[in-house]
Amino acid sequence: MIQIKAVDAENIWDVCGLASRQDSLAAAAWGQPCCNAVFLAETKFHPHMHPQAIYSNHTLVGFFLYTRAENQAETATILRFMIDDRFRQKGLEEKALEHILHGLKIQGVKKVALMLGEADESMKLRCLSLGFRFTGQNGRGEGRYELEWQP
């Protein structure tokens, strides 16, 4: 069972300890750190960013960060989605993403954008299977995938 919880004082160190092989690839490509701690630090300067921990059966397995501005409440952008390497290939990525999308839809979100690094081919395929469509790349080489729900 997937649960989503806010990153808080009780779980922040555990969230920072999550790691993904994709992080080291991104860091090497851009010459900068790409880990959950950097994303968490960024949220302190941007109140529209929402850091969330992903649990499976009460075990921390991943992290995601999304933006949702007040003046554009119907749109959310997932800037970071990761499942720790220890839990990959167990079907948790797709289950977690489905759970996240369901939660956003309940909150009134009608359009979700997801940013993915070039190296994550399996995640790209998962997104496409869930109805996302590729809409281009941003300036950092990440692919942008969008999903829109019709009323």
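**Briefing: a helix pair and a run of paired strands**

Helix 4 (residues 92–106) and helix 5 (residues 121–129) have axes that come within 11 Å and cross at roughly 45°. The model is predicted. Besides this helix pair, the briefing covers strand 3 (residues 59–67), which pairs with strand 2 (residues 49–56) and is joined to strand 4 (residues 75–83).

**Helix 4 and helix 5**

- Two packed helices are described by the angle between their axes and the distance between the axes.
- With a crossing angle of roughly 45°, helix 4 and helix 5 are therefore oblique to each other.
- The crossing of helix 4 past helix 5 is right-handed.
- On the helix 4 side, the contact involves Glu 93, Glu 94 and Leu 97; these meet Met 123, Arg 126, Cys 127 and Ser 129 of helix 5.
- By type, the residues of this contact are three nonpolar, one polar and three charged.

**Strand 2 and strand 3**

- Eight bridges pair strand 2 with strand 3 in the antiparallel sense.
- Leu 60 in strand 3 has Tyr 55 opposite.
- The hairpin of these strands has two residues between them, and Asn 57 in the hairpin takes a positive phi near 50°.

**Strand 3 and strand 4**

- Strand 3 and strand 4 run antiparallel and are joined by six bridges.
- Arg 80 in strand 4 is the bridge partner of Leu 65.

**Burial of strand 3**

- Of the nine residues of strand 3, eight are buried, so this strand is largely enclosed by the rest of the structure.

How values were computed
Residues numbered from 1 in each chain as written. Predicted model: local features only at pLDDT ≥ 70, side-chain atom pairs only at ≥ 80, totals over all residues. Heavy atoms only, no water. Axes fitted to C-alpha atoms, helices over the stretch in contact; angles between N-to-C directions. Helix = DSSP H or I, 4+ residues; strand = E, 2+ residues; numbered from the N terminus. Parallel < 35°, antiparallel > 145°, perpendicular 65-115°, else oblique. Left-handed = near helix turned anticlockwise from the far one by under 90°. Contact = heavy atoms within 4.5 Å. Nonpolar A, V, L, I, M, F, W, Y, C, P; charged D, E, K, R; others polar. Buried < 20%, exposed > 50% of the residue type's maximum accessible area, 1.4 Å probe, protein only. Pairing = 2+ DSSP bridges.
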